[in-house]
Amino acid sequence: MQTLKQRAPWRAKLSIFWWLLAPITATVTLLCTEWIHRGALSESFWTDNFLAHFGSFACSWLLILCTYLFLANLTRLPGLAVLVCGAGGCIPATVTYFKLKLRGEPFFPWDLSQSAEAADVVGKAGLELQTSMWVSALILLALTVFACLVPRPNKGALWQFILSWAVPGAGGLALLFLVFLSPTGSRLVGIVPDMWMQNRYYRNYGVIAGFLTNIQNLEVDEPEGYSEETVNETVAQAYNQNVAPVFEGSYAEEGDGQVKQPNIIFIMDESFWDVQELVQYGVVFDQSVTPNLHRLMETSAYGKAYSPSFGGGTCDVEFEALTGFSVEFLPAGCKPFQQHVTRPMFSIASYLKDQGYATQAVHCYYAKFWSRNTAYPNLGFDEFISLEDFENPERKRDTEWSGGLVTDAEMARRIIQEYEERDKDKPLFMHAVTMQNHTSYNKNNYPEEELVGILEAPEGISESTLGPLQDFATGVREADAMLGTLTDYFSQVDEPTILVFWGDHYNPIGSGYEVYTATGYASGADSESPELHQMPLLIWSNYWDGKVDLGTVAAYQISPVLMELYGLEEPPMFRYLANQLSAYRSRTLGVTILPDGTATDADLTEEQEQWFQNHWLLQYDLMFGEEYALTRPAG
């Protein structure tokens, strides 16, 4: 029988590449992955990331190598091994690139449970394949074809065959469980946790290491010292030490205190921020964009709510606003509605329900989006009205969204309708979430006659940004009109009613951060800028018109601040958070807003750290623990 060398000498010579394919595939996959993730392999990548954190990239390379050897030797199909390794690196890198563009955060393990939401948004975001993506695909495809042509060496003994795939398989598992999934192992190779700024974390350690080490965060650890005794001590302290700030001019300070159970309506408006602020940075609009907001600021409590999100993650903001829980304590990038609100849980809705309120949520998008259909009932809402419950609603912006989005004007009409049809024997708590001004932006979303015009703009803002800015400003104008409609209506009703209105997050508009950087609106060119997390917060009522300066507070402080302003009976969690305002106003994404409004990323002081730890203690108790804090201590 002829040997391989006798049959095809050229193929015999190629057989040496059977083993060389392993390091070649690992190297090509790792480099393509990082090229896609970063958009370019610049000098800073090699000096500031690759060499500075060599242990991380070396372990990622070894994991790809082991994966290739395991698959190629087990299946005897090196082409398949190349494809699996290439896809395993480049697909997460592609998702990371687009997520960073859209939301300022990379691809996380828990994003796998959010594929439907991601596909829905990405499909309408106008994302385009980058050069690094299609070139990497071509390189890996060529390598796959080459691998298929490489002949395998002559078969050896059975034990050699087993060792050829068993050893790399064991090595890959060892890397996975002893390095990437082990906090101790990760630190030994130089991977230091940096969960506050995950985009920097992925830059430093790479997509593969960043993604895999984040799996460590899926498990939420119990706070140190958690027990019934410590929880009750913390709650008792909240009631016995009244250090909550008195908001000058509030109903609680100056009113008669007669209103104890007003109707409360929350309105979280999609992507709303006061775009008219750009006027002081050189952008001139052809009309006043937020006249109602500015009018109401003179007779309401007004400030900023520090959002944990940028470019998306609406559910994170409403989770904080409804519960008083901070996503700071949860794995970065997770979505609490999907991963943690899986059983009945404390919120302002569940608390008010126990006080005799009817509780209702309204969102003019699909019920399953962000799993609101399961999360809302667990948060104490009796009724959830979603897009499926709207009949022929008014829609706009159908260029980017097929069929258009339900307008804010339609939401105003639905809120009024639900109020008029409510159970009049109970006070009402309603939580409404709008959709009209969702990203992405394109001036073709509105007819020319409806668009807000831009008369002047600073140099550096391109035409590709000015059009989307017109789209965004038009949506803000219509949200402001909704605010005017609702306050005009409720100012005429007899029942005392409080309306809480805020925006959920900023978005990229047009060419990345150009709107914010070219104008000087933000201090940085990324989503970490504190200015890009402070959303307008207005708390208005039809029975008190005092002007109150709220400053900046965390999104998780919205409900406690509401109750402090109007002297409403507070649950222990909210009482503690109100007192916490004396130490700091917000601790979100590693940024602390001090009582004077200053933003800092410095470490917390010892006193602030104690407040922070106690916040986590109470939050853990209500989210995962025994719910000791639901029982108010005697006295």
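**Exercise 1. Strand β8**

Task: In this predicted model, which residues of β8 lie on one side and which on the other, and are they buried or exposed?

Solution.
Step 1. In a regular strand, side chains alternate between the two faces of the sheet.
Step 2. On one side of β8 are Leu428, Met430 and Ala432, and on the other are Phe429, His431 and Val433. Every residue in both sets is buried, which leaves both faces of β8 covered.
Step 3. The count for the strand reads 6 of 6 residues buried over residues 428–433, so β8 is largely enclosed by the rest of the structure.
Step 4. Next, take the partner strands. Strand β1 (residues 263–269) pairs with β8 in the parallel sense over 5 bridges, and Ile265 stands opposite Met430. Strand β4 (residues 358–363) also runs parallel to β8, joined by 6 bridges; here Ala358 stands opposite Leu428.

**Exercise 2. Strand β11 and Ile539**

Task: Which strands pair with β11, and in what sense do they run?

Solution.
Step 1. Strand β3 (residues 301–306) is joined to β11 by 6 bridges and runs antiparallel to it. In this pairing, Ala301 has Ile539 as its bridge partner.
Step 2. Strand β10 (residues 497–503) is antiparallel to β11 as well, with 5 bridges. Phe501 of that pairing stands opposite Leu538.
Step 3. For β11 (residues 534–541), 8 of the 8 residues are buried, so the strand is largely enclosed by the rest of the structure.
Step 4. Now follow Ile539. Beyond four places in sequence, Ile539 touches Ser300, Ala301, Ile498, Leu499, Val500, Leu550, Val561, Leu562, Leu565 and Tyr566.
Step 5. Nonpolar side chains tend to be buried together in soluble globular proteins. The largest nonpolar core in the model has 184 residues. Ile539 is among those with the most contacts inside this core, along with Trp273, Val275, Phe429 and Tyr516.

**Exercise 3. Aromatic rings**

Task: What kind of aromatic pair do Tyr376 and Phe381 form?

Solution.
Step 1. A pair of aromatic rings is described by the distance of the centres and the angle of the planes.
Step 2. A search of the whole structure finds 51 aromatic pairs. One of them is Tyr376 with Phe381, at 5.2 Å centre to centre and with 65° between the planes.
Step 3. Planes over 60 degrees apart count as edge-to-face, and the pair of Tyr376 and Phe381 is therefore edge-to-face.
Step 4. Buried means under 20% relative accessible area. Tyr376 has 0% relative accessibility, so Tyr376 counts as buried. Phe381 has 6%, so Phe381 counts as buried too.
Step 5. Both rings belong to a cluster linked by ring pairs, which also includes Phe266, Phe319, Phe325, Phe337, Phe346, Phe384, Phe429, Trp502 and Phe574.
Step 6. Rings can also have a charge over the face. Arg422 lies over the face of Tyr419, 3.9 Å from the ring centre, and Arg587 lies over the face of Phe612, 5.9 Å from the ring centre.

**Exercise 4. A sheet of 3 strands**

Task: Which strands of the sheet β13-β14-β15 stand at the edges?

Solution.
Step 1. The sheet is open, and its pairing is antiparallel in the order β13-β14-β15.
Step 2. β13 (586–588) and β15 (599–600) each have a single partner strand, so they stand at the edges and one side of each lacks a neighbour in the sheet.
Step 3. β13 pairs with β14 (residues 591–593) over 3 bridges. Within this pairing, Ser586 has Ile593 as its bridge partner.

**Exercise 5. Helices**

Task: Why does the span of helix α25 agree with the expected value?

Solution.
Step 1. α25 covers residues 606–623, and at 1.5 Å a residue its 18 residues should span 26 Å.
Step 2. The end C-alpha atoms are 25 Å apart, which agrees.
Step 3. α25 is mostly covered, with 13 of its 18 residues buried.

Task: Is Glu478 of helix α21 buried or exposed, and what does Glu478 touch?

Solution.
Step 1. Glu478 sits in α21, which spans residues 463–490.
Step 2. The relative accessible area of Glu478 is 14%, so Glu478 is buried.
Step 3. Beyond four places in sequence, Glu478 touches Lys396, Asp408, Gln436, Tyr446 and Glu450.

Key
Residues are numbered from 1 along each chain as its sequence is written. This is a predicted model: local features need pLDDT of at least 70, side-chain atom pairs count only at pLDDT 80 or more; totals for chains, interfaces and linings use all residues. Side-chain values use heavy atoms; hydrogens and water are left out. A nonpolar core is a set of buried Ala, Val, Leu, Ile, Met, Phe, Trp, Tyr and Cys residues joined through side-chain atoms within 4.5 Å. Buried means under 20% relative accessible area, exposed over 50%, partly exposed in between (1.4 Å probe, protein chains only). Contact means heavy atoms within 4.5 Å. Rings of Phe, Tyr and Trp (its six-membered ring) pair if their centres lie within 6.5 Å; planes under 30 degrees apart count as stacked, over 60 as edge-to-face and the rest as tilted. A charge sits over a ring if NZ of Lys or CZ of Arg is within 6 Å of the ring centre and within 35 degrees of the ring normal. Two strands pair if DSSP finds at least two bridges between them. Helices (H or I, at least four residues) and strands (E, at least two) are DSSP runs, numbered from the N terminus. The expected span of a helix is 1.5 Å times one less than its number of residues.
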